[in-house]
Amino acid sequence: MRRSPERVLWIHRARRIGKSGKVRRLGQSHCIQTASDTCNARLFQPGLAPGGGRNRRFVRGVPTKITLTTTSRMAILNTDGKAVTLAFSVASNCSLMHPSSFENMQKCYDRYLAARSVEQDCRLTVVEVGSADVNGSYRAIFPNQTFHYVGCNRVLGPGVDLVLDDPYRLPVPDAYAHVVISGQVLEQCEFFWLAFGEMLRILKPDGYLFLIAPSSGPIHCYPVDCYRFYPDAFRALAKYTGCRLVDLWNDDRGPWNDLVGVFRHAEAPLPSAVEIADNLAAARRSYQSRVVANRGINLKQLGEIPTEAEVTKGAASYLTVLQRLHEALDPRLYLEIGVRRGRSLALARGSAVGVDPAPELTASLSAATILFSETSDDFFDHNAGSALGGGVDLAFIDGMHRSENVLRDIMGVERHARPSALLAIDDVFPNHPLQAERCRRTSAWCGDVWKIIGCLERYRPDLLLLRLDVAPAGLLLVSGFEPAHRGLRNLYNPIARSLAVPASPVVPAEILAREGALSPDDPRISSLLALLRELVGNGANHSTVGARLRYWRKAHSL
Ligand SMILES: C[S@@+](CC[C@H](N)C(=O)[O-])C[C@H]1O[C@@H](n2cnc3c(N)ncnc32)[C@H](O)[C@@H]1O
């Protein structure tokens with residue numbers, strides 16, 4: 001076992017850089033191999049942040065020495081006396097995290113661990129196998145006050161506490177860990193059954209093993225990519241080792257389609273329904289407290305916010321426009337995500353479903369309204385099937401103002417959309433860049449919901465999109481859904497990753513200027529509503545609705 005006190009890795013005797021053995025040019029990706037390590041690297045000019053390639057220069061030369069500083073993910077490469085910077089990703093049985101994998105690990109935690117609490121001196125040990133933080137880490141899921149987190153990996157890198165000399169030998173005693181976790185590693189293990197057996201060896205008799213592996217997706221060699229796993233593979237592993245497979249699901253979001261397994265030793269009991277309900281309730285409370293804290297945020301303490309950062313504009317209120325939608329469509333079922341005080345949900349005249357993890361109802365709702373006090377993700381996972389039965393005619397998304405949450409909400413709505421369904425998405429037009437920050441800094445907060453417009457234009461050109469210039473921060477109307485459409489699901493991970501970029505670009509001028517937005521009184525809006533109403537009346541199916549919407553779009557030059 002080697003410990004990694006100072007996260008600095010020296011690579012000597014680099015054998016190969018790129019195909020030719022020479023550094024070719026800045027910005028290119030290279031595979032660097034040494035006697036014991038492999039890493040992928042991209043070259044950048046000194047002082048330039050990775051990706052900031054505006055002034056890229058071409059540099060020729062052969063490296064003599066490479067120093068990788070794992071904390072900064074940068075390396076200095078001496079080429080002919082010139083220093084250039086390398087942004088690198090260490091790659092050797094490490095976890096290449098994608099958004100759905102993080103979400104699935106969070107689900108394992110919420111379902112099986114969230115209610116655990118301990119004294120500081122008897123924290124529970126979590127061992128992650130393949131912990132190098134290349135594209136994110138599960139570490140944030142396990143709170144420090146309850147869990148002592150130990151990251152193991154073949155090579156040193158960010159997130160690595162123990163470096164493995166032998167990938168099939170974890171350097172800790174039997175029954176060491178209360179929880180063992182691993183994601184995106186098994187497919188890179190030539191002898192994955194040995195790796196699995198080793199994870200069970202270090203698991204305590206009543207511990208949990210959470211395992212995530214892709215059942216699909218492109219080849220990604222870090223340094224090898226041997227397998228994909230289907231549900232029977234995890235059943236077979238449980239049979240082979242004589243352990244219990246407690247839970248198993250196959251996420252249908254691509255391109256990886258994560259297979260998720262929860263394992264225990266054979267002698268450990270199956271968790272009871274009460275235990276699971278307690279855990280889920282604790283997870284819900286924790287999310288609620290974050291939502292409530294975000295509401296009560298003392299915005300002044302976050303620094304000087306210029307007064308213009310709080311401006312709002314729009315020819316009519318979103319509530320007025322929503323009311324018109326209700327009146328024109330008279331939906332058989334209305335779905336609202338993000339209810340808060342119930343002002344928009346109270347507009348529903350017939351059957352309605354509201355979803356909010358922390359509602360603070362002040363408006364009175366119709367007797368035909370059902371409220372689910374949970375996140376929209378939980379709602380779509382557990383309750384949407386029964387609550388939305390025959391399908392949704394009108395939906396309003398106004399929940400968590402992060403673009404990846406809105407993306408998932410749209411995917412959820414689409415699964416339950418009737419052919420002529422109409423969706424309204426709030427807050428697509430921030431009035432000031434500070435309103436568009438992913439972490440709230442203003443009272444008029446839109447988050448980065450605006451990114452959804454470009455995302456749908458790019459990945460779902462078949463949908464009809466209408467931007468509306470309403471107060472306080474615009475609305476986007478979407479129609480033409482196909483519940484079986486896989487356009488967003490198949491590409492969920494790359495889309496969600498691109499949406500969630502923390503240093504998001506400044507809000508484009510055309511979004512701030514509300515380019516292409518229709519006035520709420522534009523006759524095309526009532527024309528669309530009349531068409532949708534007619535299609536509902538005719539019982540039109542998805543393909544008829546699609547064809548009629550395409551024709552309508554052409555006729556109105558949209
Ligand atoms: C802007 S308020 C909704 C206002 C309401 N639609 C109206 O117009 O009166 C946003 C709401 O989203 C809720 N929310 C936060 N995270 C959520 C999530 N993951 N799923 C659903 N709702 C969420 C918050 O609790 C908050 O009440």
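**Definitions applied to a predicted model**

Modeller: In helix 7, Ser403, Glu404 and Leu407 meet Ile495, Ala496 and Leu499 of helix 10. By class, this contact has four nonpolar, one polar and one charged residues. The structure is a predicted model, in which local features need pLDDT of at least 70 and side-chain atom pairs count only at pLDDT 80 or more, whereas totals for chains, interfaces and linings use all residues. Residues are numbered from 1 along each chain as its sequence is written.

Colleague: What makes two residues count as being in contact?

Modeller: Their C-beta atoms, placed from the backbone, must lie within 7 Å of each other.

Colleague: What makes a residue nonpolar, charged or polar?

Modeller: Ala, Val, Leu, Ile, Met, Phe, Trp, Tyr, Cys and Pro count as nonpolar; Asp, Glu, Lys and Arg count as charged; the others, Gly among them, count as polar. Leu407, Ile495, Ala496 and Leu499 are therefore the nonpolar members of the contact, Glu404 the charged one and Ser403 the polar one.

Colleague: What makes a segment a helix or a strand?

Modeller: Both are DSSP runs numbered from the N terminus: H or I over at least four residues for a helix, and E over at least two for a strand. On that basis the protein chain has 13 helices and 22 strands.

Colleague: At what angle do helix 7 and helix 10 pack?

Modeller: Helix 7 (residues 403–415) and helix 10 (residues 492–499) pack at about 145°, and their axes are 8 Å apart. The axes are lines fitted to C-alpha atoms, for helices over the stretch in contact, and angles between N-to-C directions run from 0 to 180 degrees.

Colleague: Why is valine 172 called partly exposed?

Modeller: Valine 172 has 16 C-beta neighbours inside 10 Å. A residue is buried with 20 or more other C-beta atoms within 10 Å of its own, exposed with 12 or fewer, and partly exposed in between, the C-beta atoms being placed from the backbone. The value of 16 lies in between, so valine 172 is partly exposed. This residue is in the loop between strand 11 (162–163) and strand 12. Leaving aside neighbours within four places in sequence, valine 172 is in contact with Val127 and Ile202.

Colleague: Why does aspartate 427 count as buried or exposed?

Modeller: Aspartate 427 has 26 C-beta neighbours inside 10 Å, so it counts as buried. It is found in the loop between strand 20 and helix 8 and has a positive phi of about 65° although it is not a glycine.

Colleague: Which class does arginine 340 fall into, and why?

Modeller: Arginine 340 has 19 C-beta neighbours inside 10 Å and therefore counts as partly exposed. Its place is in the loop between strand 16 and strand 17, and its phi is positive, about 45°. Most residues other than glycine have a negative phi, and most peptide bonds are trans.

Colleague: Which peptide bond in the loop between strand 21 and strand 22 is cis?

Modeller: The bond from alanine 471 to proline 472 is cis, with omega near 0°; proline 472 is found in that loop.

Colleague: How do you know that strand 21 and strand 22 pair, and in which sense?

Modeller: Two strands pair if DSSP finds at least two bridges between them. Strand 21 and strand 22 have five bridges, in the antiparallel sense, so the condition for pairing is met. In strand 22, leucine 476 is the bridge partner of arginine 467.

Colleague: How are the strands of the open sheet ordered?

Modeller: Seven strands follow the order 18-17-16-19-20-22-21, with mixed pairing. Strand 18 (369–372) and strand 21 (464–468) stand at the edges with a single partner strand each, so one side of each has no neighbour in the sheet. The twist averages 15° from one strand to the next. Strand 16 (residues 333–337) and strand 17 (residues 351–355) pair in the parallel sense over five bridges.

Colleague: What makes a set of residues a nonpolar core?

Modeller: Its members are buried Ala, Val, Leu, Ile, Met, Phe, Trp, Tyr and Cys residues joined through C-beta atoms within 7 Å. The largest nonpolar core has 69 residues, of which Ile425 and Ile452 touch the most other members. Strand 20 gives the most to this core, with six residues. Apart from this core lies another, of 47 residues, among them Tyr112 and Ile202.
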